[in-house]
Amino acid sequence: MPDDTPLHGGTLPAPTPDGRVRLDAAARTALFAQVPGEPGAAKPDPVLVASGITRTFGGLKAVDVDHLEIQRGCITGLIGPNGAGKTTLFNLLTGFDRPDSGTWSMDGAPLGKLYPHQVARKGVVRTFQLTKALSKLTVLDNVKLGATGQKGERMLATLAPWVWRKQEREITERAHDLLARFKLDAKSDDLAGSLSGGQRKLLEMARALMTDPTVVMLDEPMAGVNPALTQSLLGHIKSLRDDGMTVVFVEHDMDVIRDISDWVVVMAQGSVIAESTPDGLSQNDAVVDAYLGAHHDQALEFDEHGRPVGETAVLAEQLEAAEIETLEAGGDLAEPDIGHTTQHQTRPQQGRHAASASDDESRDR
Ligand SMILES: Nc1ncnc2c1ncn2[C@@H]1O[C@H](COP(=O)(O)OP(=O)(O)OP(=O)(O)O)[C@@H](O)[C@H]1O
């Protein structure tokens, strides 16, 4: 664990053993004041470091990131036009897809070749553009699913039921605490299908926090959220940072980006084309050319209640059907069938339970 890091006008506190650090607004401003606004810029205390990551679909290079560092204890906004590669990069960093090349690590520990649940256990979790709430399960059960992949869970249930029961009790308690944090406790016994779009986003965040993560990656957390709930959702995202977690989030709305980001990474055509403080974005020519000046459509469509409509509704249904099939077959939602599918969360996945590996075991590509 690094000691306190010298920082312009003071020192950057050393992280806790779980990789978290609480920084006030002044510390975050001072911290980024010394970071050059250029792609691949080194950060004073990066928690995630990625290098040479490429992912090609057919002839299309969806991701081609030379170098990226994510500063600990801060909110990094990831922006870019539709198709820039933001979601694919999230998928790669969290083990839901495999790159053609590249390495990335959290606090020096390599994360490549790991399954999503192994990446989560290392401290990096993510949410999805289209929420993955299972509508026919209760809100509480959905949150408890975030703990799937607990070490030795299935073996414990068979061989040592008393140990398993204790773990189950702890999981339930933690799920209740998280539901209270996100003000969903009154709904814990309701079916997840009855929640609004914004509540589903909160549910997904609660589920992601079940593993007590260091880094939380949120893919378009505001998509489909009723404007009335936007401020409260933003407050919840800031509260993750206030607890010392590192947040990376994809967002299209520049007002949201300016409101909560400490640092912004801009992608276009698979690459990081700029990095900047939120205030510096409009002065960055590359950003203006590639993003702010470019016309782009929202990829997903929602009604005024935050429910997916049109093509988005069809995709959401297919995604849920595939997940129910996975669960019914005894599979783990955190284990994608890498190698058989190219995981992209807006495309329904089939038979992801087919993948298997022993706990904490890396696998070959
Ligand atoms: N599984 C896949 N199979 C084929 N092409 C894919 C797949 N996943 C992503 N792509 C393509 O890779 C490119 C990057 O897509 P990606 O979804 O990562 O972009 P994005 O920046 O997240 O876009 P958006 O803002 O619309 O969500 C796009 O051209 C997309 O069509």
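A residue is counted as buried if 20 or more other C-beta atoms lie within 10 Å of its own. In the predicted model described here, buried residues make up 46% of the 365 residues in the chain. Helix 7 (residues 197-209) is mostly covered, with 13 of its 13 residues buried. The length of helix 7 also agrees with expectation, because 13 residues at 1.5 Å a residue should span 18 Å and the end C-alpha atoms are 19 Å apart.

The chain contains 11 helices and 12 strands. Of the contacts between residues at least 6 apart in sequence, 70% join residues that are at least 24 apart.

Six of the strands form an open sheet of mixed pairing, in the order 8-9-10-5-11-12. Strand 8 (124-126) and strand 12 (271-276) stand at the edges of this sheet; each has a single partner strand, so one side of each is left without a neighbour in the sheet. From one strand to the next, the twist averages 20°. Helix 8 packs on the sheet, where it touches strand 5, strand 9 and strand 10, and its direction makes about 150° with that of strand 10.

Strands of a sheet pair through backbone hydrogen bonds, in either the parallel or the antiparallel sense. Strand 10 (residues 246-250) takes part in two parallel pairings described here. With strand 9 (residues 215-219), strand 10 shares five bridges, and Asp219 stands opposite Val250. With strand 5 (residues 75-79), strand 10 shares four bridges, and Ile75 has Val247 as its bridge partner. Strand 5 also pairs in the parallel sense with strand 11 (residues 263-268), over four bridges; there, Ile79 is partnered by Val266. Strand 9, helix 8 (residues 227-242) and strand 10 together make a right-handed β-α-β unit.

Strand 10 is mostly covered, five of its five residues being buried. Thr246, Val248 and Val250 point one way from the strand, whereas Val247 and Phe249 point the other way. Val247 also belongs to the largest nonpolar core, which has 76 residues. The residues with the most contacts inside this core are Val143, Leu179, Ala206, Val215, Val216, Val247 and Val266. When residues up to four places away in sequence are not counted, Val143 touches Ala175, Leu178, Leu179, Leu203, Ala206, Arg207 and Met210.

A contrasting environment is found at Glu173, in helix 6 (residues 161-181). Glu173 has 10 other C-beta atoms within 10 Å; because a residue with 12 or fewer is exposed, Glu173 is classed as exposed. Glu173 and Lys144 are 29 residues apart in sequence, and their C-alpha atoms are 9.5 Å apart in space.

A further open sheet has four strands in the order 4-3-6-7, with antiparallel pairing. Strand 4 (60-71) and strand 7 (109-110) stand at its edges, and each has a single partner strand, so one side of each is left without a neighbour in the sheet. Strand 3 (residues 46-57) and strand 4 run antiparallel and are joined by 10 bridges. Between these strands, Ile53 has Val65 of strand 4 as its bridge partner. Helix 2 (residues 86-93) lies across strand 3, strand 4 and strand 6 (101-106), at about 65° to strand 4.

Definitions and conventions
Residues are numbered from 1 along each chain as its sequence is written. This is a predicted model: local features need pLDDT of at least 70, side-chain atom pairs count only at pLDDT 80 or more; totals for chains, interfaces and linings use all residues. A nonpolar core is a set of buried Ala, Val, Leu, Ile, Met, Phe, Trp, Tyr and Cys residues joined through C-beta atoms within 7 Å. Two residues are in contact if their C-beta atoms, placed from the backbone, lie within 7 Å. Two strands pair if DSSP finds at least two bridges between them. Axes are lines fitted to C-alpha atoms, for helices over the stretch in contact, and angles run from 0 to 180 degrees between N-to-C directions. A crossover is right-handed if, with the strands pointing away from the viewer, the path from the first strand over the helix to the second runs clockwise. The expected span of a helix is 1.5 Å times one less than its number of residues.
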